[in-house]
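Please look over the sequence and the structure below, and keep both in view while reading. The paragraphs that follow lead through the model step by step.

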Amino acid sequence: MRVLMALLAASLAAANPSRIAEVVIDGTLLEDREELKKGLELHPGGSGSNSAIMMRTLGSSVHLLSAVGGDLFGKLVLDDLRKNGINASSVRVFRGASTGVGLDILSGRGEKSVLIYRGANNLLGSADVSEAAIKNAGHVFIASLVSEKNYALFRKVLPLGTGKRLSPL
């Protein structure tokens with residue numbers, strides 16, 4: 001997945017190499033799990049996390065707005081973001097919720113199915129976004145906002161992104 005996100009980030013870099021993205025708003029910060037023939041592997045990921053890390057790898061300053069639960073998976077996700085140089089100060093930790101989990105199931109033929117429990121991701125809403133962060137960003141990348149609270153966040157961000165590259169995924 002991070003390879004695909006690298007391609008997306010590279011196309012954004014071609015459009016404006018000095019500022020690919022400064023704010024990534026994500027409704028899917030997940031702990032990715034991949035089922036393999038030899039067992040189960042645990043990897044931090046999700047569309048927003050993967051995109052943020054690839055944009056950072058290409059040299060952008062990235063500020064991530066997303067959500068995790070107050071559980072071990074949330075800690076693992078936050079540690080991974082920080083290890084990869086992502087500003088995670090706006091990742092909201094919902095103490096009473098569980099971090100979202102995605103289970104990637106690979107068939108013997110290599111076909112992939114994904115089961116997703118969105119968890120804390122569905123709780124992210126318009127009150128969680130800083131208007132100043134959006135106004136000061138060179139590019140706003142939005143991924144996987146699917147709950148009613150998430151849609152309210154999107155409706156708030158849209159007018160703030162006027163004159164900016166706004167990339168909903």
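Just after helix 2, Gly59 takes a positive phi of about 105°, and this residue is a convenient place to begin a walk through what is a predicted model. Helix 2 itself spans residues 47–57, and because 9 of its 11 residues are buried, the helix is largely enclosed by the rest of the structure. The buried residues of helix 2 begin with Ser47, Gly48, Ser49, Asn50 and Ser51, and they continue with Ala52, Ile53, Met54 and Met55. Ile53, which has its place in helix 2, can serve as an example, for its relative accessible area is 2% and the residue therefore counts as buried, the cut-off being under 20%. Although Ile53 and Asn84 are 31 residues apart in sequence, their C-alpha atoms lie 6.3 Å apart in space.

With that helix located, the reader can step back to the whole chain. Its secondary structure comes to 5 helices and 9 strands, and read along the sequence these elements follow the pattern α-β-β-β-α-β-α-β-β-β-α-β-α-β. The chain has 169 residues, of which 44% are buried. If one takes the contacts in the chain with a separation of 6 or more, 72% of them are accounted for by residues 24 or more positions apart.

Which residues of strand 4 are buried on each of its two faces? In a regular strand the side chains alternate between the two faces of the sheet. In strand 4, His63, Leu65, Ala67 and Gly69 are buried on one side, while Leu64, Ser66 and Val68 are buried on the other, and both faces are thus covered. Since 7 of the 7 residues of this strand, which covers residues 63–69, are buried, strand 4 is largely enclosed by the rest of the structure. Strand 4 is also joined by 6 bridges to strand 5, residues 87–94, and the two run parallel; within this pairing, the bridge partner of Val68 in strand 5 is Val93. To get from strand 4 to strand 5 the chain passes through helix 3, and this β-α-β crossover is right-handed.

Helix 3, residues 72–83, also holds charged pairs that can be examined one at a time. A search of the whole structure finds 5 salt bridges, and one of them is formed by the side chains of Asp79 and Lys75, with a distance of 2.9 Å from N to O. Asp79 and Lys75 are separated by about one helical turn, because they are 4 residues apart in helix 3. An α-helix has 3.6 residues a turn, so residues three or four places apart point the same way. Asp79 has a relative accessible area of 35% and is partly exposed.

A second pair in the same helix is Asp80 and Lys83, which form a salt bridge whose closest N and O atoms are 3.5 Å apart. Here the spacing in helix 3 is 3 residues, so Asp80 and Lys83 are again separated by about one helical turn. How does the relative accessible area classify Asp80, as buried or exposed? Asp80 is buried, with a relative accessible area of 9%, whereas Lys83, at 65% relative accessibility, counts as exposed.

Another part of the chain to consider is a hairpin, formed by strand 6 and strand 7 with 5 residues between them, and Gly110 in its turn has a positive phi of about 90°. Strand 6 covers residues 100–106 and strand 7 covers residues 112–117, and they pair in the antiparallel sense over 6 bridges. One of the residues involved is Val101, whose bridge partner in strand 7 is Tyr117. The side chains of Glu111 and Arg109 meet in a salt bridge, at 2.8 Å from N to O. Glu111 counts as partly exposed at 44% relative accessibility, while Arg109 counts as exposed at 70%.

The walk ends at the surface. The chain exposes about 8,400 Å², and carbon and sulfur atoms supply 56% of this area. Leu42, Leu72 and Leu76 make a nonpolar surface patch of about 260 Å². Leu42 is found in strand 3, residues 39–45, and its relative accessible area of 40% makes Leu42 partly exposed.

Technical notes:
Residues are numbered from 1 along each chain as its sequence is written. This is a predicted model: local features need pLDDT of at least 70, side-chain atom pairs count only at pLDDT 80 or more; totals for chains, interfaces and linings use all residues. Side-chain values use heavy atoms; hydrogens and water are left out. Buried means under 20% relative accessible area, exposed over 50%, partly exposed in between (1.4 Å probe, protein chains only). Contact means heavy atoms within 4.5 Å. Accessible areas come from the Shrake-Rupley method with a 1.4 Å probe; for residues, only the protein chains shown count as cover. Patches are made of residues with over 30% relative accessible area and no salt bridge: like charges are joined within 9 Å, nonpolar side chains (Val, Leu, Ile, Met, Phe, Trp, Tyr) within 5 Å. A salt bridge is a side-chain nitrogen of Lys or Arg within 4 Å of a carboxyl oxygen of Asp or Glu. Two strands pair if DSSP finds at least two bridges between them. A crossover is right-handed if, with the strands pointing away from the viewer, the path from the first strand over the helix to the second runs clockwise.
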